[in-house]
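Here are my notes on the model. Please read them with the structure open beside you.

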Amino acid sequence: MNFEPQMSRFLHSKAVESGTPLSGNFELTQNCNFSCPMCYVHENKRKEELSTRTWLSLAEQAKNAGTLFLLLTGGEPFLRTDFEELYTAFSKMGFLISINTNGSLAKEYLPLLNKYPPFRMNVSLYAAQREVYKSFCKADKFESVVSTIEALQKNKISVRLNSVFTKENASQASEIVRFAKEHNLYLKSTAYTYPQIRIGSSCGENKARLSPFEAAKCESEIDLLKYGKNACCVKAKRLLAEESDTQNIEKYREVRCRAGRSSFWLTWDGKMHPCAMLPNPETEPLEIGFENAWKELLLKVKEIRLPVECSACKRRKVCPVCAAMCFCETGSFEKKPEYFCSFFENLCRLGKEKLENLNYELSEKTIGNEPEEDIYDC
C-alpha cells in the first residue's frame, strides 16, 4: 500500500514545532478541460492566472523558507502553456514534486516526466466505464486517461489514483477498486465531499454529494473492497474507540492537522490559505512577500478554535473533523458540522455492524495492520 513515508511524517512533525512551511500546494490554474459536479475550484470560465515569472518567484521564496514537498494542482495543471518551463524550474530548485491531474493531457509530457521524475502522479479516476466517465466528467476521455496511467507505469513513474464518490458515480465504486487492483495501484478515495464555497455555493451546499448515510455506506463498502476483511475490521474497531476523558477540551479545539502549521495552499490568483478548502484565513504573498504571508497565516491559524461539542465528543481521537469542514459546512469554525457528524456516526455504526456480521474478534496479531492513510485529507 502506498502510504506516506515515515520520514515525511517525521519531518512534518518537526516542521509543526518550528513553524516551517515544509509542504506547499501550487494551484497553478482554475481552468480545466473537465467539468466534474463536485469540483471546488473550476467554474467553466477562464480567468487571468499568475504569470510564469510570478510563480517562479513564489517558488524561490518558498524554497528559501524551507518548503520541500510541492504539489502542483489546479484545475488541470497541464493546461498551462508554460507547464514545462515551470516544472523544469521547480525540479531544479530541488522540490519533491507531486502532480494532481485528470490524466487526459499528461501523456504528452512523458519525456519531461522521465527527465525529471515526479515524486508521484495523482490521477483522478471517477468511473471505470466509458459512458459513466463521460457523463460525470463531461469529457469523453476515459480511454485516454487509462492509456496515460499505463504509460506512466510503463515508464516507472509512481502513480496513485484519487477518487471521490457522489450521487453520479457511487455505483462505480466496485469497478474503480477493481481497476486499481488490476493495475496494482493504490486508490485514495472518499465519499465525503466538501461544500463548494470557493466557487460561490452556500455553506453546507454541494448538490452532487450523497446523503450522510449513503456516503457512509459507500465508504464502508469501499473499505471492504480495498483492504479485505482483516484490515477493514481492524479499521472499524479503531473507529469505535471512545474517549471518556473530558479534560483538555481546549487543547482539542486547536487546529491539529498540517494546514497552516506546516503546510500552505497558494491559489491560482496568488492568495495563501491553510488548505484547498479554506478561503479564510487568507494572506497576501504577492503584496507582503511569501515569508511574511506565511508568518501571518501561522498566527491566524493559531487563533482558530473548533467547536466545543467536537472537542468534548467521545470520538474526538478518531474523528477527522477539521477547521475546513466546520467552516465549509456552517460558516464558522466553532459550529459543529452536522452533515459530517452524521456521516461519521453512520460510518461508526456500519463498522460495528460489519464486525458483528463478519463475526470478527480483534487479536493482538492484527493490531497495526489497518490502513493508515488520512482518508479525508483534501
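1. Start at phenylalanine 26. Beyond its neighbours within four places in sequence, Phe26 is in contact with Trp55, Leu58, Ala59, Leu70, Leu71, Leu72, Thr73, Phe90, Phe264 and Leu266. Contact here means heavy atoms within 4.5 Å. This is a predicted model, so local features need pLDDT of at least 70 and side-chain atom pairs count only at pLDDT 80 or more, while totals for chains, interfaces and linings use all residues. Residues are numbered from 1 along each chain as its sequence is written, and side-chain values use heavy atoms, with hydrogens and water left out.

2. Phe26 also stands out in the largest nonpolar core. That core has 108 residues, and Phe26, Leu72 and Phe90 touch the most other members. Helix α14 (residues 338–357) gives the most to this core, with 7 residues. A nonpolar core is a set of buried Ala, Val, Leu, Ile, Met, Phe, Trp, Tyr and Cys residues joined through side-chain atoms within 4.5 Å. Buried means under 20% relative accessible area, exposed over 50%, and partly exposed in between (1.4 Å probe, protein chains only). Helices (H or I, at least four residues) and strands (E, at least two) are DSSP runs, numbered from the N terminus.

3. Next, the charged pairs. The whole structure holds 22 salt bridges, each a side-chain nitrogen of Lys or Arg within 4 Å of a carboxyl oxygen of Asp or Glu. In one of them, glutamate 27 pairs with arginine 198, with the closest N and O atoms 2.8 Å apart. Glutamate 27 sits in strand β1 (residues 23–27) and arginine 198 in the loop between β6 (186–190) and α8 (212–239), so the bridge ties together parts 171 residues apart in sequence. Glutamate 27 is buried, at a relative accessible area of 0%.

4. Which residues share a network of salt bridges with Glu49? They are Arg80 and Asp82. Between glutamate 49 and arginine 80, the closest N and O atoms are 3.2 Å apart. This pair links distant parts of the chain: glutamate 49 is in the loop between β1 and α2 (52–65), and arginine 80 in the loop between β2 (69–73) and α3 (83–93), 31 residues apart. Glutamate 49 is partly exposed at 25%. Arginine 80 counts as buried at 6%.

5. Another bridge involves α14. Glutamate 345 pairs with arginine 315, the closest N and O atoms being 3.4 Å apart. Glutamate 345 lies in helix α14 and arginine 315 in the loop between α12 (308–311) and α13 (323–330), 30 residues away in sequence. Glutamate 345 is partly exposed, with a relative accessible area of 31%. Arginine 315 is buried, at 7%.

6. Helix α14 has 20 residues. From first C-alpha to last it reaches 28 Å, close to the 28 Å expected at 1.5 Å a residue; the expected span is 1.5 Å times one less than the number of residues. Its buried residues pack against α8 and α13; among them are Phe340, Phe343, Phe344 and Leu347. Asparagine 359 follows α14 and has a positive phi, near 50°.

7. Finally, the voids. There are 3 cavities of 30 Å³ or more, and the largest has a volume of about 60 Å³. Its lining includes Asp223, Lys235, Leu347 and Lys354. α8 gives the most to this lining, with 6 residues. On a 1 Å grid over the protein atoms alone, a cavity is a set of points where a 1.4 Å probe fits but cannot get out, and lining residues have an atom within 4 Å of a point. Points are joined across faces, edges and corners, and a volume is the space filled by probe spheres set on them.

Key
1 Å grid on protein atoms, 1.4 Å probe; cavity = no way out; pocket = protein on both sides within 12 Å on 5 of 7 lines; lining within 4 Å.
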